[in-house]
Amino acid sequence: MKRLAIITTHPIQYNAPWFELLAQSKRLTVKVFYTWGQSIKGGNFDAGFGKVIQWDIPLLKGYDYTFVENTSASPGSHHFKGIVNPGLNKEVATWQPDAILIFGWSFQSHLNCIRYFHKKVPVLFRGDSTLLDEKSGIKRAVRRIFLKWVYRHIDIALYAGTNNKVYFTTHGLRDQQLVFAPHAIDNNRFADPHGELARQAKAWRTKLGYCEDDIVVLFAGKLEPKKNPEILLELAKKITNNKIKFLLVGNGEMEQQLKEKAANMRSVKFLDFQNQSVMPVVYRLGNIFILPSSGPGETWGLALNEAMACGIPVIASDKVGGAIDLIKPGVNGFIFKTGNVQELYSQLSGSIDPLKLIAMGNQSKEIIRLWSFEHILHAIHAIFYSGVRVEMTD
């Protein structure tokens, strides 16, 4: 079998499951090289949540992996010199891969790895950057030149969606170098074929004080400026319908100020961070999910995938990278212009009929079926076995 080396920083709940599926497919021999060696301990401090996060689902099951020694003085995935692996290229080369798949270039070792293996074996790349936050000026021009240089070392990019594809083509990658591998979550883990998750959510809603006919607008994520959770409080002030409620789930740097601002707002409630095993129930606390991010850096928004897999309609701002692909306006949700409370108010007001919300949620489930781990596997297998070019570029 062909051998694929995967280079990424640390175990992530959105990637580890498809690493396992890829290994179990028996069509490739896979080994994952985790470059943030310190992450072998498990929990890592997440600045966005303001706490150490230890995911409660297995992330190292069913595939071969190793944690590469990271000698950075300040280890972590939050800056370029946080990932420094003097032995990485030798370890990967010794394993003798037929191709390598690298997640992200913005770490010292990852960029070195891309350059080292260029023209030695095919270099596949995974990143989800977009141009949504770009501003014109000299910095953009310089960055464009630099990124075109980086991507000259890439043979194939696995693009996640429409905005990501535009980013890659803007920085010099040709259509024949681009393979669609959708951003996905474990849709099956969020499904509820027997209705048990819905029953748990109903009981939780009652415990939170919601009536059965309340319409709960749910936000789940980091309470940080990028996510723009404050707009929910602005929206709550405008809405006079006392059956519409707002639930914010998560922690972060804005938590205290948001709670102070909402102190006298009876329609707004907060829940602390909830771990992965509970999230399929958490999404079902809401009748509609919102991701109002203002950026910068909301390159996809996998919370949309998760909510949709739970059969929930979704709202997102136009700064959310995945919105253009996942949301069909008026069918399973809508997209609003970032920061525009009035547009958000108008759209939400026209979507609060319970039967309409159920129909939109059903559409969410249908749409998200096409955004699956199986489609990622199909894309990678096609590169090796179905005629997709993997020869090295000039």
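These are my notebook entries on a pocket, the aromatic rings and some backbone details of this structure. I worked from a predicted model throughout.

**Entry 1: the second largest pocket**

I looked up the second largest pocket and read off a volume of about 1,100 Å³. I counted 50 residues in its lining. Nearest the centre I noted Ala-198, Arg-284, Cys-310, Gly-311 and Ile-312. I then asked which elements give two or more residues to this lining. They are α1 (16–24), α6 (187–190), α7 (196–208), α14 (354–368) and α15 (373–385). The most comes from α14, with 7 residues. By class, I wrote down 25 nonpolar, 14 charged and 11 polar lining residues.

**Entry 2: aromatic pairs**

I found 23 aromatic pairs in the structure. I checked Tyr-283 with Phe-289, and that pair is edge-to-face. The ring centres are 5.5 Å apart, and the planes meet at 70°. Buried or exposed, I asked of Tyr-283? Its relative accessible area is 2%, so I logged Tyr-283 as buried. Phe-289 has 0% relative accessibility, so Phe-289 is buried as well.

Next I took Phe-384 and Tyr-385. Their ring centres lie 6.4 Å apart. I logged this pair as tilted because the planes stand at 45°, and tilted covers angles that are neither under 30 degrees nor over 60. Phe-384 is buried at 16% relative accessible area, whereas Tyr-385 is partly exposed at 36%.

I also noted one aromatic cluster, formed by Trp-18, Phe-19, Tyr-34, Tyr-63, Tyr-65, Phe-67 and Phe-103.

**Entry 3: charges over rings**

I looked for lysines over rings. Lys-238 has its charged end over the ring of Tyr-345, 5.4 Å from the ring centre. Lys-269 has its charged end over the ring of Tyr-210, and here I read 5.8 Å to the centre.

**Entry 4: backbone**

Where is the cis peptide bond that I noted? It runs from Gly-295 to Pro-296, with omega near 0°. I placed Pro-296 in the loop between β13 (288–291) and α11 (302–309).

I then checked two residues that are not glycines for phi. Lys-26 has a positive phi of about 65°. I found Lys-26 in the loop between α1 and β2 (28–34). Lys-26 is exposed, because its relative accessible area of 61% is over the 50% cut-off.

Asn-228 has a positive phi too, of about 55°. I found Asn-228 in the loop between β10 (215–220) and α8 (230–238). Asn-228 is buried, because its relative accessible area of 15% is under 20%.

Key:
Residues numbered from 1 in each chain as written. Predicted model: local features only at pLDDT ≥ 70, side-chain atom pairs only at ≥ 80, totals over all residues. Heavy atoms only, no water. 1 Å grid on protein atoms, 1.4 Å probe; cavity = no way out; pocket = protein on both sides within 12 Å on 5 of 7 lines; lining within 4 Å. Points joined across faces, edges and corners; volume = space filled by probe spheres on them. Helix = DSSP H or I, 4+ residues; strand = E, 2+ residues; numbered from the N terminus. Nonpolar A, V, L, I, M, F, W, Y, C, P; charged D, E, K, R; others polar. Phe/Tyr/Trp six-rings, centres within 6.5 Å; stacked < 30°, edge-to-face > 60°. Buried < 20%, exposed > 50% of the residue type's maximum accessible area, 1.4 Å probe, protein only. Lys NZ or Arg CZ within 6 Å of the ring centre and 35° of its normal.
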